[in-house]
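Dear colleague,

I am passing on the structure we spoke about, so that you can have it open while you read. My notes on what was found in it follow below.

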Amino acid sequence: MKNITVKYGVDSITKQVEDDFTFGDLQDSDSFKAALGFGDRTKALVDGIEQDRATVIPAGATVRLETAANTKA
(Lines give C-alpha, C1' and ligand atoms only; values in the text may rest on other atoms or scores of the structure.)
Protein backbone atom coordinates (compact mmCIF):
# COMPACT_ATOMS: atom_id res chain seq x y z
CA MET A 1 0.00 0.00 0.00
CA LYS A 2 1.10 3.57 -0.62
CA ASN A 3 -0.24 7.08 -0.01
CA ILE A 4 -1.00 9.50 -2.83
CA THR A 5 -2.47 13.00 -2.83
CA VAL A 6 -4.93 13.94 -5.55
CA LYS A 7 -5.94 17.52 -6.31
CA TYR A 8 -8.84 18.68 -8.45
CA GLY A 9 -9.74 22.37 -8.51
CA VAL A 10 -9.35 23.72 -4.97
CA ASP A 11 -10.02 20.32 -3.34
CA SER A 12 -7.51 17.63 -2.46
CA ILE A 13 -7.56 14.21 -0.82
CA THR A 14 -4.79 11.95 0.47
CA LYS A 15 -5.60 8.27 0.31
CA GLN A 16 -3.92 4.90 0.62
CA VAL A 17 -4.01 2.82 -2.59
CA GLU A 18 -2.57 -0.48 -3.83
CA ASP A 19 1.09 -0.52 -4.94
CA ASP A 20 0.12 -1.18 -8.59
CA PHE A 21 -2.47 1.67 -8.73
CA THR A 22 -2.11 3.51 -12.07
CA PHE A 23 -3.11 6.96 -13.31
CA GLY A 24 -5.89 5.24 -15.30
CA ASP A 25 -7.15 3.53 -12.15
CA LEU A 26 -7.27 6.93 -10.46
CA GLN A 27 -9.19 8.55 -13.32
CA ASP A 28 -11.71 5.67 -13.31
CA SER A 29 -12.06 5.49 -9.50
CA ASP A 30 -15.62 6.11 -8.31
CA SER A 31 -14.42 6.92 -4.78
CA PHE A 32 -12.03 9.64 -5.99
CA LYS A 33 -14.70 10.96 -8.40
CA ALA A 34 -17.23 11.19 -5.56
CA ALA A 35 -14.78 12.84 -3.16
CA LEU A 36 -13.45 15.43 -5.62
CA GLY A 37 -16.33 15.80 -8.09
CA PHE A 38 -14.50 15.21 -11.39
CA GLY A 39 -15.99 13.54 -14.45
CA ASP A 40 -14.82 11.05 -17.06
CA ARG A 41 -12.78 13.41 -19.25
CA THR A 42 -9.69 14.22 -17.19
CA LYS A 43 -5.94 14.23 -17.58
CA ALA A 44 -3.50 13.46 -14.78
CA LEU A 45 -0.48 15.69 -14.20
CA VAL A 46 2.55 15.38 -11.94
CA ASP A 47 4.69 18.53 -11.72
CA GLY A 48 2.75 19.88 -14.72
CA ILE A 49 3.57 16.91 -16.96
CA GLU A 50 0.71 14.83 -18.33
CA GLN A 51 0.96 11.16 -17.33
CA ASP A 52 0.05 8.05 -19.33
CA ARG A 53 -2.96 6.14 -17.99
CA ALA A 54 -0.94 2.87 -17.80
CA THR A 55 1.84 4.34 -15.62
CA VAL A 56 1.93 3.27 -11.97
CA ILE A 57 1.61 6.24 -9.59
CA PRO A 58 4.76 6.56 -7.43
CA ALA A 59 4.38 6.40 -3.64
CA GLY A 60 3.93 9.84 -2.08
CA ALA A 61 3.07 11.48 -5.40
CA THR A 62 0.84 14.52 -5.70
CA VAL A 63 -1.38 14.18 -8.76
CA ARG A 64 -3.35 17.11 -10.18
CA LEU A 65 -6.40 16.19 -12.24
CA GLU A 66 -7.64 18.63 -14.87
CA THR A 67 -10.59 18.48 -17.19
CA ALA A 68 -9.34 17.35 -20.60
CA ALA A 69 -10.11 19.58 -23.56
CA ASN A 70 -12.38 18.20 -26.23
CA THR A 71 -10.51 17.21 -29.37
CA LYS A 72 -11.72 16.83 -32.94
CA ALA A 73 -10.47 14.07 -35.17
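Before the notes begin, one cut-off is needed: a residue counts as exposed when its relative accessible area is over 50%, as buried when that area is under 20%, and as partly exposed in between. Please also keep in mind that this is a predicted model.

With that cut-off in hand, Val 10 is a convenient place to start, because its relative accessibility of 84% makes it exposed. Val 10 lies in the loop that connects S1 and S2, and those two strands form a hairpin with two residues between them, in which Gly 9 adopts a positive phi near 65°. The C-alpha atom of Val 10 is 24 Å from that of Val 56, a residue 46 positions away along the chain.

The hairpin belongs to an open sheet of five strands, arranged in the order S2-S1-S5-S3-S4 and with mixed pairing. In that arrangement S2 and S4 are the edge strands, each having a single partner, so one side of each is left without a neighbour in the sheet. As a general point, the strands of a sheet pair through backbone hydrogen bonds, in either the parallel or the antiparallel sense.

Both senses can be followed from S1. Towards S2 the pairing is antiparallel and extends over seven bridges, with Asn 3 standing opposite Gln 16, Ile 4 having Lys 15 as its bridge partner, and Lys 7 facing Ser 12. Towards S5, which covers residues 62-67, S1 runs parallel and is joined by four bridges; here Lys 7 stands opposite Arg 64. Strand S1 itself, residues 2-8, is largely enclosed by the rest of the structure, because five of its seven residues are buried.

Another turn in the backbone may interest you, in the loop between strand S3 (42-46) and strand S4 (49-50), where Asp 47 is placed. Although Asp 47 is not a glycine, its phi is positive, at about 55°, and with a relative accessible area of 75% the residue is exposed.

As for charged side chains, the count of salt bridges comes to two. One of them is formed by Arg 53 and Asp 28, whose closest N and O atoms are 2.8 Å apart. This pair links distant parts of the chain, since Arg 53 sits in the loop between S4 and S5 while Asp 28 belongs to helix H1, 25 residues apart. Arg 53 is partly exposed, with a relative accessible area of 40%, and Asp 28 is likewise partly exposed, at 48%. In the salt bridge between Lys 33 and Asp 40, the distance from N to O is 2.5 Å. There the two residues fall into separate classes, for Lys 33 is buried at 17% relative accessibility, whereas Asp 40 is exposed at 65%.

Finally, there is a negative patch on the surface, made up of Glu 18, Asp 19, Asp 20 and Asp 25. Asp 20 is located in the loop between strand S2 (11-17) and helix H1 (23-28), and its relative accessible area of 56% is the reason why it counts as exposed.

With best wishes

Note on methods: Residues numbered from 1 in each chain as written. Predicted model: local features only at pLDDT ≥ 70, side-chain atom pairs only at ≥ 80, totals over all residues. Heavy atoms only, no water. Patch = residues over 30% accessible without salt bridge, like charges linked within 9 Å, V, L, I, M, F, W, Y side chains within 5 Å. Areas by Shrake-Rupley, 256 points an atom, 1.4 Å probe, with all protein chains shown as cover. Salt bridge = Lys/Arg side-chain N within 4 Å of Asp/Glu carboxyl O. Lys, Arg positive; Asp, Glu negative; His and termini not counted. Charge placed at Lys NZ, Arg CZ, Asp CG, Glu CD. Buried < 20%, exposed > 50% of the residue type's maximum accessible area, 1.4 Å probe, protein only. Pairing = 2+ DSSP bridges.
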